[in-house]
Amino acid sequence: MPDFSFSRDSAISTLRLLGSCTALGFATYAHAAPAFDSDSPWMLGDWNGTRTELAEKGYDFKLDYTGEMGSNLHGGYDHDRTARYSDQFGLGTHLDLQKILGWNDAEFQLTITKRSGNNISNDRINDPRVGGFTSAQEVWGRGQTTRLTQMWYQQKFFDQKLDIKVGRFGEGEDFNSFPCDFQNLAFCGSQVGNWVGGIWYNWPVSQWALRVKYHLTPELYAQVGAYEQNPSNLDRGNGFKLSGSGTQGAVLPVELVWTPKLNDLPGEYRAGYYYSSAKASDVYKDQNGQPAALSGEAYRSASSKHGVWFGAQQQITSIASDHSRGLSVFANATMHDKKTNAIDNYVQAGVVYKGPFDARAKDDIGFALARVHVNPAFRKNAEASNQAHAVYDYDDPSFLPPQDTEYSAELYYGVHVANWLTVRPNLQYIRHPGGVNEVDDALIAGIKIQSSF
């Protein structure tokens with residue numbers, strides 16, 4: 001019998017939130033775009049036209065939900081079959097300050113998120129002694145708690161060529177950004193944040209930040225940013241922390257983005273570099289250049305940390321003149337500092353086909369492959385640690401499994417149930433989970449639900 005593990009308090013609070021939102025929706029239930037109308041962008045409808053009227057005045061409100069289930073069908077560290085469920089609510093408002101206050105090309109965004117649940121990767125797929133790299137349920141993570149995820153002001157100048165955003169937000173909103181339709185983390189969102197998560201904080205974590213973008217041409221822009229590097233922002237109890245206490249430095253990304261139309265089909269190409277000004281620890285050596293795990297000395301410190309990324313998305317076919325349907329391809333790669341980072345490189349590629357059937361013109365099919373490669377120095381550190389403790393048997397609880405390369409694959413079919421609801425059943429295959437060769441390859445069944453209330 002599957003064990004769907006999530007806390008009773010989280011379930012109760014989720015039901016209360018759903019109940020209050022449903023009550024609001026039915027209290028203002030409309031004749032135009034009524035609740036549960038499949039053509040409406042919102043499950044609770046247009047509130048008798050109130051939502052559209054508010055949007056026309058510059059007030060846009062959203063309540064989104066993402067839920068993900070993962071079940072280990074075969075393999076993994078623990079073969080005991082079970083299932084886990086994790087989810088996220090996002091409550092936000094976007095204000096068009098030009099309409100509201102008359103401030104030309106000015107916007108404000110405020111978003112609060114709440115995450116709950118558990119992840120099948122943590123206790124069934126990966127060896128808990130070292131954990132893993134990818135996650136079968138990307139919506140899990142960064143503390144199952146409530147957070148201030150966005151609070152920013154954006155202003156454009158010079159006929160919208162110059163774009164400045166300031167406030168609290170994450171790097172992945174603007175830099176190395178990527179869609180999140182897949183359920184496996186290796187194919188979802190900003191990949192830099194997945195492999196240098198100690199300094200680059202993806203959604204739903206926010207920090208004080210500044211981003212400046214300039215359009216060199218209508219299809220080409222460059223952007224730079226400065227983000228507070230403060231590990232205390234990751235703590236569960238600091239979801240609404242606004243002070244800068246605990247700041248260790250800054251993450252400074254730069255990126256060039258090209259958005260051409262090839263044969264009238266959209267594409268996006270990204271190349272970027274990040275630099276962290278905070279001190280970082282070596283993954284292997286001490287101050288004398290010896291293995292720290294053997295010498296017992298502290299790991300040596302580096303004055304900074306850096307890396308690069310590349311990304312490409314391109315639609316290559318369409319159905320007659322309907323560009324909303326057709327085949328798109330994508331690929332992403334990141335490379336990181338070998339002295340200070342556990343992952344030295346990552347590559348990923350895949351395809352998405354939208355509108356596979358005339359009768360299901362808004363459905364989509366996706367398939368992707370990824371390779372996460374562990375820094376050899378990080379692997380040597382695990383081997384040195386086992387040598388220092390004279391532990392050589394993988395089955396010994398104190399053994400630290402050396403990690404190498406993890407491979408992931410995912411196939412999904414996205415069912416467009418309504419404009420406010422998409423359900424994506426998926427199958428994931430993980431080879432060498434956590435990069436540990438002794439862990440059996442895992443087959444995972446998943447379901448991703450994306451809805452807007």
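This report walks through a predicted model of one protein chain, from its overall build to its strands, salt bridges and surface.

## Overall build

Let us start with the whole chain. The protein chain contains 7 helices and 19 strands. Its C-alpha atoms occupy a box of roughly 75 × 55 × 45 Å along the principal axes. How does the radius of gyration of the protein chain sit beside the value for a compact globule? For 453 residues such a globule would have a radius near 22 Å, and the protein chain has 23 Å, so the two agree.

Buried residues account for 49% of the 453 residues. The accessible surface amounts to about 20600 Å², and carbon and sulfur atoms hold 59% of that area. If you take the contacts between residues at least 6 apart in sequence, 64% of them join residues at least 24 apart.

## Strand pairing

Next come two groups of paired strands. In one group, strand β7 (residues 220–229) runs antiparallel to strand β8 (residues 249–258), with 8 bridges joining them. Here Tyr227 has Val251 of β8 opposite it. Strand β8 also pairs with strand β10 (residues 265–276), again in the antiparallel sense and over 8 bridges. Within that pairing, Leu256 faces Ala271 in β10.

The other group is built from β14, β15 and β16. Strands β14 (residues 326–336) and β15 (residues 343–354) are antiparallel and share 10 bridges. They form a hairpin, with 6 residues between the two strands. If you want a pair to find on screen, Ala331 has Ala349 of β15 as its bridge partner. On to the next strand: β15 pairs with β16 (residues 364–374) through 11 bridges, and this pairing is antiparallel too. There, Gln348 is partnered with Ala370 in β16.

## A nonpolar patch

Strand β16 is also where Leu369 is placed. Leu369 belongs to a nonpolar surface patch of about 470 Å², together with Ile316, Val329, Val351, Phe367 and Leu411. Is Leu369 buried, partly exposed or exposed? Its relative accessibility is 47%, so Leu369 counts as partly exposed. As general background for reading such strands, side chains in a regular strand alternate between the two faces of the sheet.

## Salt bridges

The model has 21 salt bridges by the rule used here. Three of them are set out below, with the N to O distance for each pair.

| Pair | N to O distance | Relative accessibility of each residue |
|---|---|---|
| Asp123 and Arg124 | 3.7 Å | Asp123 29%; Arg124 11% |
| Lys165 and Asp174 | 2.8 Å | Lys165 3%; Asp174 9% |
| Asp441 and Arg431 | 2.8 Å | Asp441 16%; Arg431 39% |

The pair of Lys165 and Asp174 forms a salt bridge in which Lys165 is buried at 3% and Asp174 is buried at 9%. The cut-off for buried is under 20% relative accessible area.

Asp441 and Arg431 also meet through their side chains in a salt bridge. What does this pair tie together? Asp441 sits in strand β19 (residues 440–452) and Arg431 in strand β18 (residues 421–431), so the pair links parts that are 10 residues apart in sequence. Asp441 is buried at 16%, whereas Arg431 is partly exposed at 39%.

The salt bridge of Asp123 and Arg124 joins a partly exposed residue, Asp123, to a buried one, Arg124. Both residues belong to a network of salt bridges that also links Asp78, Asp80 and Arg84.

## A look at Asp105

Finally, one loop residue deserves a visit. Where is Asp105 found? Asp105 lies in the loop between α3 (97–101) and β3 (106–117). With a relative accessible area of 23%, Asp105 is partly exposed, because the buried class stops under 20%.

Leaving aside residues up to four places away in sequence, Asp105 touches Gln98, Gln154, Gln155, Lys156 and Gln160. For a sense of scale across the chain, Asp105 and Gly435 are separated by 330 residues in sequence and by 48 Å in space, C-alpha to C-alpha.

Note on methods: Residues are numbered from 1 along each chain as its sequence is written. This is a predicted model: local features need pLDDT of at least 70, side-chain atom pairs count only at pLDDT 80 or more; totals for chains, interfaces and linings use all residues. Side-chain values use heavy atoms; hydrogens and water are left out. Helices (H or I, at least four residues) and strands (E, at least two) are DSSP runs, numbered from the N terminus. Buried means under 20% relative accessible area, exposed over 50%, partly exposed in between (1.4 Å probe, protein chains only). Contact means heavy atoms within 4.5 Å. Two strands pair if DSSP finds at least two bridges between them. Patches are made of residues with over 30% relative accessible area and no salt bridge: like charges are joined within 9 Å, nonpolar side chains (Val, Leu, Ile, Met, Phe, Trp, Tyr) within 5 Å. Accessible areas come from the Shrake-Rupley method with a 1.4 Å probe; for residues, only the protein chains shown count as cover. A salt bridge is a side-chain nitrogen of Lys or Arg within 4 Å of a carboxyl oxygen of Asp or Glu. The radius of gyration is taken over C-alpha atoms; the globule rule is 2.2 Å times the number of residues to the power 0.38.
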